[in-house]
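Grab a pencil and work through the exercises below with the viewer open. Each one comes with a solution, so try it yourself before reading on.

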Amino acid sequence: MRSCFPLALLVVARLAAPALGAEIKPAIVYDLGGKFDKSFNEGAFRGGERFTAETGVALRDFEIQNDAQREQALRRFARDGASPVIAVGFSHAAALDKVARDFPQTPFAIVDMVVDRPNVKSIVFREHEGSYLVGLLAAMASKSGKIGFVGGMDIPLIRKFACGYRQGARRANPGVEIFENMTGVTGAAWADPVKGGELARAQIDRGADVIYQAAGGTGIGVLRAAADAGKLGVGTDANQNGLFPGHVLTSMLKRVDNAVIRAFSTARAGTWTSGVESLGLREEGVGWALDDNNRGLVTPAMKDAADRAVDAIVSGDIVVHDYMADSRCPP
Amino acid sequence: MAMENILSFLGAALRLSTPLIYACLAGLWSERAGVIDVGLEGKMLAGAFAGAAVAALTGDVGIGLAAAVAASMTLAAAQGFVEVERGGDQIVCGMAVNMIGAGVTAFVGAALFAEGGRTPALPREARVLPFVWGQDALTLGAFGVAAITAFILYRTRFGLRLRAAGENPRALDAAGGSVRATRHAAVAVCGLLCGLSGADLSLAQAAGFLPAMTAGKGFIALAALVFAKWRPGAALATCLLFGGLDAAAIRMEGAPLPFLGVIPTQAFQALPYLMTVVLLAGFVGGARPPAAAGQPYRRE
């Protein structure tokens, strides 16, 4: 009985801490691939880094090495009093659902997925809007009137990329021919650059001269094959223009960094809300990349068209159809 | 147009077959000598990683290739020590090699380059580039290796010993040959070929390493080995067939066929395994592995 006393005191102290208006203790759990993956994990890390630089609030993070660590990591942060805890990547959904139930007082967030719990903020991106822009640019850059898309695993999320791309390309050139390929149906489809390269070559052999990839590591092979053949690739998630300078037309950016900063800042200001937060062009959650590596590839007319499309989508004049809304894509 | 399509398809089939041919012949060397190797995948990964990492650091494709072979042969030597010297279980040891290959490459890659286990994209001078008809030296080399393998196996004294070590090691021993030395040599060649297979993936077909980039090719090569009944010529043909199926899948995906409509990708991806099972069950007769495969040899 006596030995329980300090423990009880500790519990009381823990419970009392938030009431005293203490600083938040933000934490991030990355997905497989790690925080330097040059993609969305790194985006989350950069966001956290910027938040720390701006506010001085220390950030804790964890890079999982296998699926079993998802739940452990989330649980450990929650138990240690971290708040809010952000899980990066849709694969965390099942683990987060469990942990969020066990720690109803802890605010959680998940990126790229919806977890329906009262204490979970689900951050999703309107990738179809960003894909629309790069589709527009791809169709304008194409000389052959044929463009390609290579997806990773065949899941609705990736169909959503393809569908937005298709709509943008059709807007720029109604007669454009679009080749679409998915790499596979298992997780291995995200890490097969050899197959990605072959898919791109097959599309190039059929006449495609701009190819958009939404295939994770497989996509590096797509960009490489396009560059080797003297054609253009289009990157995804992070700014991949610099991977093959002069051969990457642009990249569809998913601003995970902005999303993370936004989440932490609202938590700090006490305005954190749970529920679905959808980030599109209006919220600067998606976009297209223009930098020194691709400035020569984007003509003023293309930039103009893209800027106008951004305005039209933000104002609601153009509504890009979301494949995931009804599992179909307008032709 | 149709001709171009066929050429493009054949080119892709050759490229996709290449890592399978090396890996399948690697398995053939090891297993014909009586050492079952399910660790092809792990050695390929080690080779792919070492090749890409060293090529990225030195900017020289030759040193990269050497590193790929050295890394894979090191793992093979360890495997040979456990399996041949200590009589360890060959399946368990092979699986261990797969785990080491998958884990160590990603770990060292993350530590060296901090890109989630990836190596940086290789510049042109650090890659094996195609020089004729979209094909590179490694692809052409694969055919050479198949021919050399067949010649050594069936036309040399060493080949006879190697086969004896796999079929009847006691007879080899009685005839004054060393089962131990023969098996070590076979396992070393297996390591060499796995290294080339991995190097083909990371230095020729892709420009860099990615964790788990072999995507099960080591196991498809094992299926091809069984399908080919452990014969070099048949192994080459089977790998070309599997590579062709892969290339076909890439071109067929999403394109409707007459009468059949759009065939799902999964159907093509399952074909190599399906064919192995179905054909072995009924059409080409049973596949008999070398009689002593999987059994550690101990002198009495």
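Before we start: a residue counts as buried if 20 or more other C-beta atoms lie within 10 Å of its own. Also keep in mind that this is a predicted model.

**Exercise 1. Is D237(A) buried or exposed, and which strand does D237(A) lie in?**

Step 1: Find the residue. D237(A) sits in strand β9 of chain A, which covers residues 232-237.

Step 2: Count neighbours. There are 25 other C-beta atoms within 10 Å of D237(A), so this residue is buried.

Step 3: Check the backbone. Phi of D237(A) is positive, about 70 degrees, although the residue is not a glycine. As background, most residues other than glycine have a negative phi.

**Exercise 2. Describe the surroundings of strand β10 of chain A, starting with how many of its residues are buried.**

Step 1: Go through residues 248-254. Of the 7 residues in β10(A), 7 are buried, so the strand is largely enclosed by the rest of the structure.

Step 2: Look at the pairing with β9(A). The two strands run parallel and are joined by 5 bridges. Within this pair, T236(A) stands opposite M252(A).

Step 3: Look at the pairing with β12(A). Strand β12 (residues 286-288) runs antiparallel to β10(A), with 3 bridges between them. Here K254(A) has V286(A) as its bridge partner.

**Exercise 3. Work out the strand order of the open sheet with 6 strands in chain A, and find which strands are at its edges.**

Step 1: Trace the order. It reads β2-β1-β3-β4-β5-β11, and the pairing is parallel.

Step 2: Find the edges. β2 (60-63) and β11 (275-279) of chain A each pair on one side only, which makes them the edge strands.

Step 3: Get the twist. From one strand to the next it averages 15 degrees.

Step 4: Zoom in on one pair. β3 (residues 85-88) and β4 (residues 108-111) of chain A pair in the parallel sense over 4 bridges. V88(A) stands opposite V111(A) of β4(A).

**Exercise 4. Two backbone oddities: which residues does the cis peptide bond join, and where does D112(A) lie?**

Step 1: Look for the cis bond. It joins S83(A) and P84(A), with omega about -5 degrees. P84(A) is in the loop between α3 (69-79) and β3 of chain A. For context, most peptide bonds are trans.

Step 2: Turn to D112(A). This residue lies in the loop between β4 and β5 (120-125) of chain A. Its phi is positive, about 80 degrees, and D112(A) is not a glycine.

Step 3: Apply the cut-off. D112(A) has 22 C-beta neighbours inside 10 Å, so it counts as buried.

**Exercise 5. How is chain A divided into domains, and how many residues does each domain give to the contact?**

Step 1: Set the bounds. Domain 1 is 4-125, and domain 2 is 128-254 + 286-326.

Step 2: Take the distance. The C-alpha centres of the two domains of chain A lie 32 Å apart.

Step 3: Tally the contact. Domain 1 of chain A gives 6 residues and domain 2 of chain A gives 4 residues. Helix α2 (residues 40-55) gives the most to the domain 1 side, with 3 residues. That side divides into 2 nonpolar, 2 polar and 2 charged residues.

**Exercise 6. Which element gives the largest share of the side of chain A that touches chain B?**

Step 1: Size up the interface. 27 residues of chain A are in contact with 27 residues of chain B.

Step 2: List the elements giving two or more residues on the chain A side: they are β7 (177-184), α7 (193-205) and α8 (217-228).

Step 3: Pick the winner. α7(A) gives the largest share, 8 residues.

Step 4: Sort by type. The chain A side holds 11 nonpolar, 7 polar and 9 charged residues.

**Exercise 7. What does L16(B) contact, leaving aside its neighbours within four places in sequence?**

Step 1: Place L16(B). It lies in helix α1 (residues 2-32) of chain B.

Step 2: Apply the cut-off again. L16(B) counts as buried because it has 25 C-beta neighbours inside 10 Å.

Step 3: Name the contacts. They are E198(A), G243(B), D246(B) and A247(B).

How values were computed:
Residues are numbered from 1 along each chain as its sequence is written. Chains are lettered from A and ligands numbered from 1 in the order in which they are written. This is a predicted model: local features need pLDDT of at least 70, side-chain atom pairs count only at pLDDT 80 or more; totals for chains, interfaces and linings use all residues. Two strands pair if DSSP finds at least two bridges between them. Axes are lines fitted to C-alpha atoms, for helices over the stretch in contact, and angles run from 0 to 180 degrees between N-to-C directions. Two residues are in contact if their C-beta atoms, placed from the backbone, lie within 7 Å. Ala, Val, Leu, Ile, Met, Phe, Trp, Tyr, Cys and Pro count as nonpolar, Asp, Glu, Lys and Arg as charged, and the others, Gly among them, as polar. A residue is buried if 20 or more other C-beta atoms lie within 10 Å of its own, exposed if 12 or fewer, and partly exposed in between; C-beta atoms are placed from the backbone. Domain bounds come from an automatic or database domain assignment.
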